[in-house]
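Here are my comments on the model you sent, set out as numbered points. Please read them alongside the sequence and the coordinates.

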Amino acid sequence: MARNNNMRGSLCIFGVLAVLMPMLAFAETQPAQTVELTDAQALAVSDMMIGAGDLNAATDLLNDILGSDDVNIRIRALFNLGRVAIANGDYNTAQKYLLTILKWHPGYTNARIELARAYMLDNDYENADFQLRLALGDKNLPAPVAQQVQMMLNYVPPEKIRLDPGSIHFYEDE
């Protein structure tokens, strides 16, 4: 009796393989499908990639959308490239991306705060202080963000304060 049960199990496995093998062969011959994303969707995906720590893939995607016709998408792509550069410890590159944004859009407070963070991590406290004071001048700055900026102004050595990408909660620009 036990032998028949084993036989039935073997037949069952062989039956599954007989069904799956042609399907697997078919799947291998089909070309991979690509999904076209709008620039806004690609930007949202890059945010998720950065959050997940997939910085190389995020950088590739962001570089692809820098040519967008939408100036706001290009600005956000530069902002995210600045975030990636900071996460990679490349503070000079981050500063270049963020200064490019501020050159054309000086009221982009999130970029100013992120620039200050890049300066702080690069031990350039004078420029960080300047950028943080400008950020505090934003009349639309939410109170919780203003408190975080004030904490950064009251800076203590890095081992005493957490300055990672998740430590500053940005607000949505209008």
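1. In this predicted model, the side chains of Arg112 and Gln131 make a polar contact of 2.5 Å. Arg112 belongs to helix H6 and, with a relative accessibility of 10%, counts as buried, because the cut-off for that class is under 20%. Leaving aside residues up to four places away in sequence, Arg112 touches Leu102, Pro106, Gln131, Leu134 and Ala135. Of these contacts, the one with Leu102 joins residues that are 10 places apart in sequence, with their C-alpha atoms 7.2 Å apart in space.

2. Leu102 leads on to helix H5, where the buried residues are Ala94, Gln95, Leu98, Ile101 and Leu102. These buried residues lie on the same side of H5, because they cover an arc of only 130 degrees around the axis. An α-helix has 3.6 residues a turn, so residues three or four places apart point the same way. The other side of H5 carries the exposed residues Lys96, Lys103 and Trp104, while the cover over the buried residues includes H4, H6 and H7.

3. The length of H5 can be checked as well: its 14 residues, at 1.5 Å a residue, should span 20 Å, and the end C-alpha atoms are indeed 20 Å apart, so the two values agree.

4. How many aromatic pairs does the structure hold? There is one aromatic pair, formed by Phe79 and Tyr108, and this pair is stacked, with 5.7 Å from centre to centre and 20 degrees between the planes. The pair links distant parts of the chain, since Phe79 sits in helix H4 (residues 71–87) and Tyr108 in the loop between helix H5 (91–104) and helix H6 (109–121), 29 residues apart. Both Phe79 and Tyr108 are buried.

5. A second polar contact between side chains deserves a look, namely that of Ser46 with Asn80, at 3.3 Å. Ser46 is found in helix H2 (residues 39–52) and has a relative accessible area of 0%, so this serine is buried. Beyond residues up to four places away in sequence, Ser46 touches Ala58, Leu61, Leu62 and Asn80.

6. On backbone geometry, please look at Asn123, which has a positive phi of about 60 degrees although it is not a glycine. Is Asn123 buried or exposed? With a relative accessibility of 52%, Asn123 counts as exposed, because the cut-off for that class is over 50%. This asparagine is placed in the loop between H6 and helix H7 (125–136).

7. Finally, a word on confidence: the mean pLDDT of the protein is 79, and 70% of its residues reach 70 or more. Among the elements of the protein, H5 has the highest mean pLDDT, at 97, and helix H1 (residues 2–29) the lowest, at 47. The pLDDT is below 50 over residues 1–19, a stretch that has one contact in the model beyond near neighbours in sequence. Residues 156–167 also stay under 50 in pLDDT, and for them the model has 12 contacts beyond four places in sequence.

Conventions: Residues numbered from 1 in each chain as written. Predicted model: local features only at pLDDT ≥ 70, side-chain atom pairs only at ≥ 80, totals over all residues. Heavy atoms only, no water. Phe/Tyr/Trp six-rings, centres within 6.5 Å; stacked < 30°, edge-to-face > 60°. Helix = DSSP H or I, 4+ residues; strand = E, 2+ residues; numbered from the N terminus. Buried < 20%, exposed > 50% of the residue type's maximum accessible area, 1.4 Å probe, protein only. pLDDT = per-residue confidence, 0-100. Contact = heavy atoms within 4.5 Å. Expected span 1.5 Å × (residues − 1). Arc of directions from axis to C-beta. Polar contact = N/O pair within 3.5 Å; in protein donor to acceptor, adjacent residues only side chain to side chain.
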